[in-house]
Amino acid sequence: MTAPRPYAFLAEVTYRCPLRCPYCSNPTRVRNDRELTTDEWCRVIREAAALGVLQIGFSGGEPLVRHDLGELVRDAREANLYTNLITSGVGLDENCAHELRDAGLDSVQMSFQSDEPDLADKIAGARAHQRKLDAAAEIRAAGISLSLNFVIHRHNIDRLPQMIELTEALGAERVELANVQFYGWAFLNRAALLPTQEQVARAREVATTAKARLAGEIDIFYVLPDYYETRPKPCLNGWGQRYLTVNPVGDVLPCQTASSAIPDLRFENVRARSLDWIWRESESFNRFRGTEWMPEPCRSCPQKEIDFGGCRCQAALLTGNAANTDPVCTLSPNRAYVDALLRDLNSSSSHARAWMPRVNPKKDVVQPEADYAGTG
């Protein structure tokens with residue numbers, strides 16, 4: 001099939017990060033000395049613009065540990081791309097905020113683990129909450145558009161009203177209340193992270209009420225957890241159709257978690273191939289693009305061009321085969337796995353389980369202390 005035009009490009013410039021969130025999807029076994037250089041990233045940014053990409057998100061890990069971040073933002077602006085920084089805020093001070101603004105940064109999406117300091121720091125595995133509040137103030141003072149992202153799970157979902165209040169207090173224009181996606185460490189910790197059905201129902205009501213109250217002031221996006229749905233969400237609006245990701249070492253991915261979730265799929269690298277060739281010709285982008293690859297019941301489903309069979313990574317992790325129907329779909333022959341997990345976590349005995357059975361230690365990620373200072 002003819003490759004569509006990509007609209008958004010996620011540049012994962014590093015996997016280094018000062019936090020240890022138990023739902024992190026980044027791999028831990030990464031050679032940081034193999035990260036793309038400044039010149040390599042600038043070339044890839046220009047190639048993305050030539051492909052038709054309209055916006056770029058600088059992500060990680062924590063992108064602020066890259067001391068050339070301002071240069072990368074400036075290069076993206078010169079390529080006429082809308083620029084967004086996706087950050088924990090750790091390492092962002094007044095000098096850094098002004099440097100990025102002057103380089104042409106359009107917006108910042110900042111992650112928070114909770115509104116309550118002790119809980120936020122416990123989830124992050126580091127004393128970071130106050131530093132995040134300070135960073136948010138510097139972003140607003142620099143005149144940069146601010147949005148917040150809260151990853152929602154069993155241990156913070158009941159504080160949704162307070163998280164929305166924090167969004168208002170910080171002067172953010174947008175907030176994403178996104179239930180945790182079960183890849184990487186989140187997949188290992190899914191029994192502890194999945195909220196109960198009762199919690200999800202309350203949270204949906206809170207988000208709906210706040211969305212109506214704050215209409216015209218703050219855009220609120222509440223993302224339901226897939227496991228409580230009857231039909232899957234489309235994988236990034238269809239695998240390889242609108243989005244592309246380049247990871248720190250140059251692998252190009254249709255989905256940022258694909259390389260760890262689908263190990264038998266080969267991913268091309270920008271050091272060996274042009275971005276244009278990878279987008280149009282590579283196996284990884286064409287394997288699940290469109291609908292021809294689909295098995296039953298997806299192939300005969302009238303919604304196949306709406307949900308595109310759901311998430312390929314979720315199918316791979318839960319069924320062992322990325323080509324299967326997403327098991328959150330009630331038509332999937334593997335839905336019983338999800339139902340059993342939900343029955344277990346909604347049982348009374350599961351409510352008494354200890355906090356977080358596993359913590360993300362990042363043992364294999366070399367993170368020099370100096371890198372935590374960011375670019376400021």
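**Asn237 and Leu236.** I looked up Asn237 in this predicted model and found a relative accessible area of 45%, so Asn237 is partly exposed. I noted that exposed would require over 50% and buried under 20%. Asn237 sits in the loop between β7 and β8. Its phi is positive, about 60°, although Asn237 is not a glycine. I then turned to Leu236, which lies in the loop between β7 and β8 (243-246). Leu236 also has a positive phi, near 50°, and is a residue other than glycine. I recorded Leu236 as partly exposed because its relative accessibility is 29%.

**The sheet.** I traced the strand order next. Nine strands form an open sheet in the order β7-β6-β5-β4-β3-β2-β1-β8-β9, and the pairing is mixed. The edge strands are β7 (219-223) and β9 (252-253), each of which pairs on one side only. I examined one pair in detail: β1 (residues 8-12) and β2 (residues 55-59) run in the parallel sense and share five bridges. Within this pair, I found Glu12 opposite Ser59 in β2.

**Cis peptide bonds.** I entered a cis bond from Gly60 to Gly61, with omega near 15°. Gly61 belongs to the loop between β2 and α2 (69-78). I entered another cis bond, between Glu296 and Pro297, with omega about 10°. Pro297 is located in the loop between α12 (283-286) and α13 (304-307).

**Asn95.** I placed Asn95 in helix α3 (residues 94-103). Its relative accessibility is 55%, so I list Asn95 as exposed. I also checked its separation from Glu138: the two C-alpha atoms are 9.0 Å apart, while the residues are 43 apart along the chain.

**The whole protein.** I closed with the overall values. The secondary structure consists of 15 helices and nine strands. The radius of gyration is 20 Å, which agrees with the value near 21 Å for a compact globule of 376 residues. Along the principal axes, the C-alpha atoms fill a box of roughly 50 × 50 × 45 Å. I noted that 56% of the 376 residues count as buried. Of the contacts between residues at least 6 apart in sequence, 73% join residues at least 24 apart. The exposed area is about 16,000 Å², of which carbon and sulfur atoms supply 48%. For charge, I recorded 43 positive and 49 negative side chains, with the centres of the two sets 5 Å apart.

Conventions: Residues are numbered from 1 along each chain as its sequence is written. This is a predicted model: local features need pLDDT of at least 70, side-chain atom pairs count only at pLDDT 80 or more; totals for chains, interfaces and linings use all residues. Side-chain values use heavy atoms; hydrogens and water are left out. Helices (H or I, at least four residues) and strands (E, at least two) are DSSP runs, numbered from the N terminus. The radius of gyration is taken over C-alpha atoms; the globule rule is 2.2 Å times the number of residues to the power 0.38. Buried means under 20% relative accessible area, exposed over 50%, partly exposed in between (1.4 Å probe, protein chains only). Contact means heavy atoms within 4.5 Å. Accessible areas come from the Shrake-Rupley method with a 1.4 Å probe; for residues, only the protein chains shown count as cover. Lys and Arg count as positive and Asp and Glu as negative; His and the chain ends are not counted. The place of a charge is taken as NZ of Lys, CZ of Arg, CG of Asp or CD of Glu. Two strands pair if DSSP finds at least two bridges between them.
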